[in-house]
Amino acid sequence: MPQERSDKRRRADGATAPAPVQHERRYGNKNAAMPAAASEQPSREFGQARRSPGDSPASAKPHAKVPRAKKLALRAPNQNVVDRSQRLRETRVDLDDIEPIRLQKALAASGVGSRREMEEWIEAGFVTVNGKRASIGDKVGPRDRVVVKGDNIKLKWADRLPRVIMYHKQEGEIVTRDDPEGRVTVFDRLPQAKSSRWVAIGRLDVNTSGLLLITTSGELANRMMHPSFEFDREYSVRVLGELTREQMTEMTKGVELEDGPAVFQRVSEKGGAEDGANRWYNVVIREGRNREVRRMFEHFGLTVSRLIRVRFGNIGLPPRLKRGQYYELNEAEVAAVMKWAGLSATGQELPARGGKRAR
């Protein structure tokens, strides 16, 4: 992350959260990268944090034109941030310094099709590299000539900072590019990525709302989703009923589900109406298994009636970002996220500091 501000400046801003969580605050966005419940002090806390598919199906049901999500309007950042963002926007990496990557990955990143589909085309003999029939496992670089089904393909290379969007997903939207049932997808709602392809960092099921990160960097997405890097995912959960102290403690020690053990890093009670049947909790988990948070509560006989993701890694859902809105990080913010994730501006892995992996 960028160098910390002076103690005096931090006191002036009233900063109390860990530095990584506040990086957008240092880059002109006073509303970003702060968990929704950051200002709330939980009454009880248990446990401690431990350090496309291919083409659209022909049978897909068409749906009505989906209105685009609205962009969150913020005050312009200070001039220093504007100047730095401009420099980062104009910076390019020399193509000769870019290492070759797998052919199917390069084609998918260039928008030709999904990685699985590209593998099928390569095996079928539809792809040539420098005039020779390609094989699975071949690598290509910026100077190679690639032809797919007779068409010259201009591959796109990560020679600049990627784009990153924070989207407040609504219930009823699905996180996929193609849906056979014709339901609204988050990609229907977001702006077009003209020179690249949007990749969702993790998924939220159709009945879950909240923070969804979307980027043009496959490397950033893979890094943040890979289990070995243990990025926190924080959720605000409304349940019918109430957990006991013993159950909350058990959740932080581990619960056996049908697909293996699951554990919350933390469980915090947020409360609810004293005379109401619903209670709110904040939970932190480091996995992304299907419906894992819901199944953890169901294990104790409690039904989740509302599930909202409020943080992924060091990026929190801004309070001003309403459902159906998105905010695109400026270049200074993106550079901070890439560095925090242990990646260079173009997605190359940075050397570990002190033998420790970035998290």
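Strand β4, which spans residues 127-129, is joined to β5 by 2 bridges, and the two strands run antiparallel; within this pairing, T128 stands opposite R133 of β5. In this predicted model, the pair belongs to an open sheet of 4 strands, arranged in the order β5-β4-β7-β8 with antiparallel pairing. The edges of that sheet are formed by β5 (132-133) and β8 (151-153), each of which pairs on one side only. Strands of a sheet pair through backbone hydrogen bonds, in either a parallel or an antiparallel manner.

The chain as a whole comes to 9 helices and 19 strands. Of its 359 residues, 46% count as buried, while the surface that the chain exposes amounts to about 19100 Å², with carbon and sulfur atoms supplying 47% of that area.

Further along the chain lies strand β12 (residues 233-240), which is mostly covered, since 6 of its 8 residues are buried. Strand β12 is joined to β16 (residues 278-285) by 8 bridges in an antiparallel arrangement, and 8 bridges likewise join β12 to β17 (residues 303-312), again antiparallel. Individual positions can be matched across these pairings: L240 stands opposite N278 in β16, whereas R238 stands opposite R306 in β17.

The antiparallel pairings described above are set out here.

| Strand pair | Bridges | Residues facing each other |
|---|---|---|
| β4 and β5 | 2 bridges | T128 and R133 |
| β12 and β16 | 8 bridges | L240 and N278 |
| β12 and β17 | 8 bridges | R238 and R306 |

The largest nonpolar core holds 35 residues, of which V237, L243, F264, V293 and F297 touch the most other members. Leaving aside neighbours within four places in sequence, F297 is in contact with V237, V239, L243, M251, F264, Y281, V283, L302 and V304. A second core, separate from the largest one, consists of 25 residues, among them L211, L213, M224 and V337.

A charged side chain also deserves attention, namely that of R294, which is placed in helix α8 (residues 292-298). Is R294 buried or exposed? With a relative accessible area of 9%, R294 falls under the 20% limit and is therefore buried. Apart from neighbours within four places in sequence, the residues in contact with R294 are D205, N207, T208, V304 and L307. Of these, V304 is also listed among the contacts of F297.

Notes: Residues numbered from 1 in each chain as written. Predicted model: local features only at pLDDT ≥ 70, side-chain atom pairs only at ≥ 80, totals over all residues. Heavy atoms only, no water. Pairing = 2+ DSSP bridges. Buried < 20%, exposed > 50% of the residue type's maximum accessible area, 1.4 Å probe, protein only. Areas by Shrake-Rupley, 256 points an atom, 1.4 Å probe, with all protein chains shown as cover. Contact = heavy atoms within 4.5 Å. Core = buried A, V, L, I, M, F, W, Y, C linked by side-chain atoms within 4.5 Å.
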